[in-house]
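Student: I am new to this structure and should like to be guided through it by questions. May we begin once it is in view?

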Amino acid sequence: MKVLLGKKIAMTQVFRPDGSVVPVTLIEAEPSVVVAVRNDVQGRSVMVVGFDKTTNVTKAEAGVTGDLGTFRTLREFPLADGETAERGTAITVSAFTIGDTVNIVGTSKGRGFQGVVKRHGFHGHPRTHGHKDQERKSGSIGAGGIQRVFKGMRMAGRMGSDRVTVKNLEVMTIDTEKNIIGIKGAVPGSRGSLVTILATEGNVWLK
């Protein structure tokens, strides 16, 4: 199972052999450690992966990792039928190769409470013809006789801080010395946020 945890650090660009420019997101992926292999509540075999070593953890979390150290982040990933994982195995950026296709899972940037123009891309009202200070208001939301707001109506509200998956991104660069992997295109989240890198093929977790 090809899976890796990392932190988004920056964006840059690389050049292909034909001279075309490709935007790349750099992810610092220090070695993740398989801290346990067990069955979850559904009876599936899962491996627990620890990332980002730290000392500030609870006794319960320290009991899970035991002699492998303590980690800031623990994530479970189901294993395919017949697939095994050994406790203590380190997962590094070398698990991937340049040209691999991956899916990135992260948390998008939080924007707070936003209006319909920024949240849904509404055009707004014209500045003339009696609208005055209503350029960015939503306007009518439908017939009045129904006396309620339909579910799914696009209105103002909380924007961002959502779990986002970007699929079919290409691995462009791999630096095994600095544990940095470069992914083509944009990756959800702000700098320093946690992201999960999953190979698009062979991962039960994606089904």
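Student: How many strands form the closed barrel, and in what order do they run?

Tutor: Please bear in mind that this is a predicted model. Neighbouring strands of the barrel sheet are turned by 50° against each other on average, direction ignored. Their pairing is antiparallel, and the barrel is closed by 6 strands in the order β1-β2-β11-β10-β7-β12.

Student: How many bridges join β1 to β2?

Tutor: β1 and β2 form a hairpin with 5 residues between them, and Gly19 in the turn has a positive phi of about 95°. Within this pair, Thr12 has Val24 of β2 as its bridge partner. Strand β2 covers residues 21–28, and the antiparallel pair is joined by 8 bridges.

Student: Which residue of β11 stands opposite Thr25?

Tutor: β2 also pairs with β11, in the antiparallel sense, over 5 bridges. In β11, the residue opposite Thr25 is Ile183.

Student: Which residue in β11 stands opposite Asp175?

Tutor: Strand β10 spans residues 163–175 and strand β11 spans residues 180–184; the two pair in the antiparallel sense over 4 bridges. Opposite Asp175, in β11, stands Ile180.

Student: Which strand gives the most residues to the largest nonpolar core?

Tutor: The largest nonpolar core has 26 residues, and those with the most contacts inside it are Met47, Val102, Ile104, Ile181, Ile183 and Ile197. At least two residues of this core come from each of β1 (3–15), β4 (45–53), β7 (101–107), β10, β11 and β12 (194–199). The strand that gives the most, with 4 residues, is β12.

Student: With which residues is Ile181 in contact, leaving aside its neighbours within four places in sequence?

Tutor: Ile181 is among the residues with the most contacts inside the largest nonpolar core. With those sequence neighbours set aside, its contacts are Thr25, Leu26, Ile27, Val93, Phe96, Val171, Thr173, Ile174 and Ile197.

Student: How many residues has the other core that lies apart from the largest one?

Tutor: Val33, Val35, Leu68 and Phe71 are among the members of this other core. Its number of residues is 6.

Student: Which residues lie nearest the centre of the largest pocket?

Tutor: The largest pocket has a volume of about 190 Å³. β5 (71–78), β7 and β12 each supply at least two residues of its lining. Of the 11 residues that line the pocket, those nearest its centre are Arg75, Val105, Arg163, Leu194 and Thr196.

Note on methods: Residues numbered from 1 in each chain as written. Predicted model: local features only at pLDDT ≥ 70, side-chain atom pairs only at ≥ 80, totals over all residues. Heavy atoms only, no water. Pairing = 2+ DSSP bridges. Axes fitted to C-alpha atoms, helices over the stretch in contact; angles between N-to-C directions. Core = buried A, V, L, I, M, F, W, Y, C linked by side-chain atoms within 4.5 Å. Buried < 20%, exposed > 50% of the residue type's maximum accessible area, 1.4 Å probe, protein only. Contact = heavy atoms within 4.5 Å. 1 Å grid on protein atoms, 1.4 Å probe; cavity = no way out; pocket = protein on both sides within 12 Å on 5 of 7 lines; lining within 4 Å. Points joined across faces, edges and corners; volume = space filled by probe spheres on them.
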